[in-house]
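Q: I am new to this structure and would love a close look at a single part of it. Could you take me through chain B, and its open sheet in particular?

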Amino acid sequence: MMTPVLNVDKPALRRIARGGAVLGSGGGGDPYIGRLMAEQELGDDKTVSVVSLDDLPDDALILPIAMMGAPHVMLERFPSGNEIPALVATMEKLMGREVSAILCIEAGGLNSVIPFIAAAQMGLPIIDGDAMGRAFPELQMVTFTLAGINATPMAMYDDKGNGATFDTVSNQWTERLARALTIEMGGAAMVGLYPVVAGDIRDCLIKGSLTLAHKIGDLIETYGGQATETLASSLGGTMLFHGRVRDVERRLEGAFAKGSVRIEGQGDFRGRTVTLGFQNEFLSAEEDGRMLATTPDLITLIDANTGAPVPTDTVKYGLSVKVLGLPCDPIWRTEEALALVGPRYFGIDADYRPLDVA
Amino acid sequence: MIRIGVDVGGTNTDAVVMRDKEFVAGAKSPTTPDVTSGAKAAIGKALEQSGLAVDAVDAVMLGTTHFVNALVRRRDLSPTGIVRLCLPSGSSLVPFADWPRDLVEAIGGKFRLVDGGYEMDGREIAPLDEAQVVQAVAELKAEGCTEIAVSAVFSTVRGDMEERAAEVIRAAHPELNVTVSQQIGRIGLLERENAAIINSALRPLAVDVVAAFARMKADLGLTCPVFFTRNDGTLIDTEEVERLPVLTFACGPTNSMRGAAFLSGLENALVVDIGGTTADVGEVRDGFPRLAGTSVTVADVQTNFSMPDVVSIGLGGGSMVNTDTGKVGPDSVGLDLLTMGIVFGGDTLTASDIAVAAGRAEMGTHPAPKVPDLDGLVAEMDRMLTDVVARSRTSAEEMPVLAVGGGSVLMGPRVDGLEVVRPAHHDLANAVGAAIAQVSGEVSKIVQLTDTLNREAAIAKITEEANEAAVARGADAATLTVLSVSDVPLAYLPGNNLAISVTVVGDLNLETA
């Protein structure tokens, strides 16, 4: 018998969405629309059980569910609601067994809440964990890739009822082909991918991500503008900086929004200047040519007045901010993992040095 | 030309009399629950001071927060149904999501989803089913809706389906008012839909308000036309305000910013408007407010119609001071400052008392109080103002800060490193902003480029049409200037197509209005 580690109702979902935005490290899309969709599915009395992977038998089929595509499409064209049942039915047919639990593939941004829609709709539990521990821009940037787990068989459904399945030679190919199809489907689609059995992911799942997101949301609700210090101390991270945004530079390169944010220090940080680099997510924090933090560690910008996380696409001149550094899961710190998600993959000319949390 | 500008605020109603670009007279009167008696009193006082006869007045420009207040108080709202063109998409997030429950109850919360809508590139999600639309509206009407709003997925990219649905509804149910979402909001279906619903729910009230101001005008013996001021600082006539009342929602801050720029002669500046309870900060560029790029929360509902980008904090002349914590505001004695403030003989320590004690202001009937840690409290007020001013800036560019409103005495000579300027008649900036409001013309069209019509020629053609639209609304053709131009290529239509929008503004010319 599974004992839930958390029963998620509407207020808990709101905290998870807030925490998911912090873990989004500035990217991953605003969880707002996803939270509203999950709230509609929950109604007034439904809850979703978050369970530990340890409580599932080795052969239990687990299905990650996510939105893929452009966040701004999701602000205008909402799913029909039929995508998830179709995805689950298709994957059950392909895998030859029933899905036992839903998984969140990306605990940061919009995809931190999308799996809750699936869990509520299908009456399934959701695993307390994910495959990124944050947000990343590409489908293959998951711990499962390191463990040799394929993204396929993968299924994709759109709001009109069109569906597709993928059988590919690598997770990078899945990314390319799936990305092309989302554009034909109108810019965004719902996907089920990386189908796994519990026994396959005992060592590569980033455990506790959803309870962590919930805890972060709870701390922000309680501490508001003072939450950053509490988050840093209770999550093993550090407050990298506190200051005011004095410059924001943006450019579009390919499909990615790149740029930098210059912050002038205030309080204990007066007289210092830090520059954050981003590509969808914040990837580096640099002071006088010295890296204070880089991907895959998490760099999150927090509004110093409200405690709300500030995404890279809305950060504005003049905002008073705190920069929170959180260590990534140790799984991301191997040489192989850094080749997938380290600074050099994103074109940053620096070696990864683990976040100093002295 | 003699113009009267009126600002109906939450506390006071202000009126000014202007001769062309010259300030003649101004007066204040408490705002009354019926709105028009306060306006009548203020106009009467201002006219008397000006020494001008009633029949010398050429036009009255009104700025009112009546509609936004009705929404905030959940009063005088009409039952509204929304028809969304989206199926087969869209059911996973239905209209009225994330609305406060009491407001949903006040408006009815009725909706229907029907076939239609577009993809981001202009392809159809599904064709429009006209019979289905008529049936949906018949059902909403049977459920008690007297107003109808229509939205469609990506109607901001391609608006014809939403327009066609509105035509079909008007033909089948001529007794119902119809609001289409693309007239009001921008990209973001839920927020645009919210703005359209709110507009619909306010339309019957708008008819009543226009009638009340017509009676006020008759009572005062005025025979000139009356205009309302919009969120963007331009005018709409009474017929248009009856159809699109939400366009007036943010006229208060807009008029204040435009009035401040006009009174100071500084067209590029930050404007800090400090009243009894809040400080509102925005930026003017070429005399017009910078608009918010993202969604705006109005009465706890997320909307996305064009509004000035204003940041507000709870610091005003009546803000209460806590000497134990060193905090100022956000609680305020508001209008009771004149009896409760220490310099007015009361016993509540307010931000105004701090300003007097620190030598920034002279006011009241009693001496300034002795305040422990006066410097700390002044520093706290300065910190709050510095923060809100810094958040309102878009660059490190040096620009003046215009301080207006009764509470602006709280400000020191500099904020966030910028010089503070307090223009003459600054406490009437809102009414001045209403009086100087101009007339706009906007045209948005899809133009197919050909060998004989290139992009520049197409923009020139649309600009000419916008000029004509402005003149038709009463603008003086000789004063027209282009306020904004945008052109977006449309990949989804065969041929080389551009979606062009042009907005022009000009001075009001009553010969043609």
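A: Of the 513 residues that make up chain B in this predicted model, 51% count as buried. The overall dimensions fit with a compact fold: a compact globule with 513 residues would have a radius of gyration near 24 Å, and chain B agrees, because its own value is 24 Å. Taken along the principal axes, the C-alpha atoms of chain B fill a box of roughly 75 × 50 × 50 Å. If you count contacts in chain B between residues at least 6 apart in sequence, 67% of them join residues at least 24 apart. The chain is built with 13 helices and 24 strands.

Now for the sheet itself. Six strands of chain B form an open sheet, and reading across it gives the order β3-β2-β1-β4-β9-β10. The pairing in this sheet is mixed. As a bit of background, strands of a sheet pair through backbone hydrogen bonds, either parallel or antiparallel. In chain B, the edges are held by β3 (22-30) and β10 (235-237); each has a single partner strand, so one side of each is left without a neighbour in the sheet. From one strand to the next, the twist averages 25 degrees.

Let's zoom in on the β3 edge. Strand β2(B), covering residues 12-19, runs antiparallel to β3(B), and eight bridges join the two. One pair to look for on your screen is B:Met18 with its bridge partner B:Phe23, which sits in β3(B). A helix belongs in this picture too: α1 of chain B, residues 36-50, lies across β1 (2-8), β2 and β3 of that chain. Helix α1(B) runs at about 145 degrees to β3(B).

Finally, chain B has company. Its contact with chain A takes 26 residues from chain B and 25 residues from chain A. On the side of chain A that touches chain B, α2 (32-42), α3 (71-74) and β12 (238-253) of chain A each supply at least two residues. Helix α2(A) gives the most to that side, with four residues. Sorted by type, the residues on this side of chain A divide into nine nonpolar, ten polar and six charged.

Technical notes. Residues numbered from 1 in each chain as written. Chains lettered and ligands numbered in written order. Predicted model: local features only at pLDDT ≥ 70, side-chain atom pairs only at ≥ 80, totals over all residues. Contact = placed C-beta atoms within 7 Å. Nonpolar A, V, L, I, M, F, W, Y, C, P; charged D, E, K, R; others polar. Rg over C-alpha atoms; globule rule 2.2 N^0.38 Å. Buried ≥ 20, exposed ≤ 12 C-beta atoms within 10 Å, placed from the backbone. Pairing = 2+ DSSP bridges. Axes fitted to C-alpha atoms, helices over the stretch in contact; angles between N-to-C directions.
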